[in-house]
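Reader: I'm new to this one, and I'd like to know what stands behind the terms people use for it. Can we go through them one by one?

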Amino acid sequence: MKTTANETELRDALKRCPPQTIEAAVAYRQNKDWELVPTIVLGIIERFVEPEVRPTVRENNDSTRLFEDLGIDSLLMVEIIMLVEETLDISIENEELRGLRTLGDIKSYLDCKIRGLPLPQKQKSLGFEEIAAVMPQQHPFLFLQESRLNHDYAEGSYRINGDEAFLEGHFKDNPIFPASIMLEALGQLAVLFLLRGQNEMLQEQVDPGRIFFFGCDGVRCHRVCRPGDFLHLKVKLKKVHPPLAFFEGSIQCNGERVAFAEEIALTFATTAPAAVDEKIHGSNGTHLP
Amino acid sequence: MRNVVVTGLGFASCLGLNQSEVVSRLKESRHGIQRYEPFLKRECGVRVGAPIPGFDTTAEDPEDWVYPEGLKLRLDVLRGLPPHGVYGFYALSQALEDAGLARDQVNDPRTGLYTASAGSPSRMYYNLDRMIRFGPQRCSPLGIVASIAGTLTFNLAAAYKIKGSTSGFVSACASSGHALGAARDEIALGRQDRILVVGAEDFSVETILPFVSMRVLSPSDDPDTASRPFDRDRDGFVGTGGAVAMILEAEEIAEARGTTPYTRFSGWGQASDGFHVAASHPDGDGLARAMQNALDATAIEPGAVGYINAHATSTPVGDISELRAIKRVFGAHQTPAVSSTKALTGHALSLSSIMESAFCNLAMRHGFLPGSAHISHLDFEAEGVDIVHESVSRRVETMMSNSSGFGGANVVLVFQQPG
């Protein structure tokens, strides 16, 4: 009897969710099959967002951003979380919610939570002002508008405005974002990671004035990008051998592969007195400590 | 001091959702009162009410509410709204369209928003009940902004991106009169060019039935006669709700953009009874002084007032106070034409003052006086007061709208033909 009453209550709470979500939730109550969780959570999100963005939720793309793409603000997030808590019979602390920015974040967070795995490392989000405050590159040569730093990777984005000066000539009457600048953007994201990331391989504070490009390998470009395109950048830290740090980089746009670099290597110096960059850039007197 | 004019009206009222319907129902004395199922179910001795056609906000979940198709509300807005917020959005959108105001004029820092509502007892009850039963963690995060007095201001100001003065007024049945008066002064003083004024009240069991224990609601079972201000046998008021929006603008601003105002909002007066928490002063002392203050403020001779839209709610005591107040200010047998449109609408509480002011604006533009319907036997106290029983075609230069609220607050607003 109790189960039936609970099920009725559950179905009522989820009545505006898609049918498969309701069935998944009912089944989850019985079998605790964590593979049902994404269906449940996506359906709950779909129920709360405006009708025009529901198709985006259904695409189930991990990189879909909660606020920018789905219009989920902090209050709406609370409503979603309340229904998730009620449905999955779990409790979520406000503290744990911060840093969840994409559908993928929510899914991996809940996955860990339900399976009792350690929660994903909290990521650090940086807005444009914060990025501009720490980066050696500045306007008009800063190709990073916001960024999220995780334990061993960083994500960021850049929207091609169309008013970048070089687009006037690259190419004349046919503005295409240069591949070299894409590589630069990935390099900048890697610089940001070196400056603000928290990884045990980076023990000492990196000096923002002494990070330089060292080399890259295995670079492929798959499509061109034009004004209005939104570049999703990602760099993953592969290894650190001071004074070098090695990353893998990739760029996506609208879910399509844009560019990939097997390896991007940067040289860096820490703020502790050292002579690393002298070795690499021996004759460059302006950067001597 | 700048002149202030009325340039737009919007209605979500028991008399209809658009001006032409409201006008024809006022002219033809067709009321909006009916036997109301949610009241009947409670078996509390109150059977009739005046719901707002096209709206059904009885469901617990706002996403189940019914409202006119043309009204588009985002889901996250809807979940933070009380019933009167939905009416308010409807009325304001109509009024802005009527005034011909574009988005950028609404978003101008010289445009403000004043509202009047008592908050939402039904949303307050629903949200607190959930908090007590399931714990604070399970409350809707929008529960507070949907429930407390001020909800109408928060919601409309955010959705319409108002950048000028915003505020809400709470003086029970005088609330929207205070909102109008304060808005008028703000514009007259040059602090704002335009203020959107919205009065609204939930029509719900939770808003109306608490009046049962005060013994002020009509127990009548007959919608056609239940509300009958100034009738000898009146037995209480009939509850209604809804929303009315009125756009006030500086006359020069309205002129510059080529609109034809309904009226000039010439001024207003207020005074309090200093008497009782709920009952009006038996001789209408505060209301009489409020009328006198309104005349003084506008420098209008009593004889120049052509019509008074009375507050009269159809309660035995209140109507008498008002008749005495009118006679004291204007003199017996020298009063303007007087009627109470609450015979048609019932009493809309916080909304009533702006709703009745809007009726005055329609009557001024269309050249008629709305009648005081449902009077079979005129109360003897009305002797010497020119009560208009049926609507008549008559163009008057000056109208007054009276309102009184709990605590003895009285507000009197004066409208004149535009200059």
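Author: Sure, and keep in mind that this is a predicted model. Let's start with a loop: Lys32(A) lies between helix 2 (19–31) and helix 3 (37–48) of chain A.

Reader: What makes Lys32(A) worth pointing out?

Author: Its phi is positive, about 50°, although Lys32(A) is not a glycine.

Reader: Which peptide bonds are called cis, and what is omega there?

Author: One joins His139(A) and Pro140(A), with omega about 5°. Pro140(A) sits in the loop that runs between helix 8 (128–134) and strand 2 (146–149) of chain A. Another joins Pro242(A) and Pro243(A), where omega is about 10°. Pro243(A) belongs to the loop between strand 5 and strand 6 of chain A.

Reader: How do you know that strand 5 and strand 6 of chain A pair?

Author: Two strands pair if DSSP finds at least two bridges between them. Strand 5 (residues 230–241) and strand 6 (residues 244–253) of chain A have nine, in the antiparallel sense, so they qualify as a pair. As an example, Lys234(A) is opposite Ser250(A) of strand 6 of chain A.

Reader: What is the order of the chain A sheet, and which strands are called edge strands?

Author: The seven strands run 1-2-3-5-6-7-4 in an open sheet with antiparallel pairing. Strand 1 (124–126) and strand 4 (206–221) of chain A are the edges, because each pairs on one side only. From one strand to the next, the twist averages 20°.

Reader: Why is the contact of Arg11(A) and Glu7(A) called a salt bridge?

Author: The rule asks for a side-chain nitrogen of Lys or Arg within 4 Å of a carboxyl oxygen of Asp or Glu. Here the N to O distance is 3.0 Å, so the pair of an Arg and a Glu passes. The two residues are four apart in helix 1 (residues 2–13) of chain A, which means about one helical turn separates them. Over all chains, the search finds 48 salt bridges.

Reader: And what makes Glu50(A) and Arg74(B) a salt bridge?

Author: The cut-off is again 4 Å. Their closest N and O atoms are 3.8 Å apart, so this pair is within the limit too. Across the interface of chain B and chain A, the rule finds eight salt bridges. There are also nine residue pairs in polar contact across it. On the side of chain B that touches chain A, four residues are nonpolar, two polar and seven charged.

Reader: How many residues are in contact between the chains, and how much area do they bury?

Author: In chain B, 13 residues are in contact with 16 residues of chain A. Together the chains bury about 1,300 Å², with 44% of it on carbon and sulfur atoms. Arg79(B), Arg138(B) and Pro141(B) lose the most area in chain B, together 42% of what that side buries.

Reader: Why is the pairing in the chain B sheet called mixed, and how do strand 11 and strand 13 of chain B pair?

Author: Strands of a sheet can pair either parallel or antiparallel. The open sheet of chain B has 11 strands in the order 5-4-6-8-1-9-16-15-10-11-13, and its pairing is mixed. Strand 5 (166–169) and strand 13 (386–387) of chain B form the edges. Strand 11 (residues 337–339) of chain B pairs with strand 13 of chain B in the parallel sense over two bridges; since at least two are needed, that counts as pairing. Val338(B) has Ile387(B) as its bridge partner in strand 13 of chain B. Helix 15 (residues 352–366) of chain B packs on this sheet, at about 170° to the direction of strand 15 of chain B.

Reader: What describes the packing of helix 9 and helix 15 of chain B?

Author: Helix 9 (residues 175–188) and helix 15 of chain B meet at about 65°, with axes 5 Å apart. Helix 9 of chain B contributes Ser176(B), Gly177(B) and Leu180(B), while Ser352(B), Ser353(B), Ile354(B) and Ser357(B) come from helix 15 of chain B. By class, that contact has two nonpolar, five polar and no charged residues.

Methods. Residues are numbered from 1 along each chain as its sequence is written. Chains are lettered from A and ligands numbered from 1 in the order in which they are written. This is a predicted model: local features need pLDDT of at least 70, side-chain atom pairs count only at pLDDT 80 or more; totals for chains, interfaces and linings use all residues. Side-chain values use heavy atoms; hydrogens and water are left out. Contact means heavy atoms within 4.5 Å. Axes are lines fitted to C-alpha atoms, for helices over the stretch in contact, and angles run from 0 to 180 degrees between N-to-C directions. Buried area is the accessible area (1.4 Å probe) that two parts lose on being put together, summed over both. A polar contact is a pair of N or O atoms within 3.5 Å; within protein, one must be able to donate a hydrogen and the other to accept it, and residues adjacent in sequence count only if both atoms are side-chain atoms. Ala, Val, Leu, Ile, Met, Phe, Trp, Tyr, Cys and Pro count as nonpolar, Asp, Glu, Lys and Arg as charged, and the others, Gly among them, as polar.
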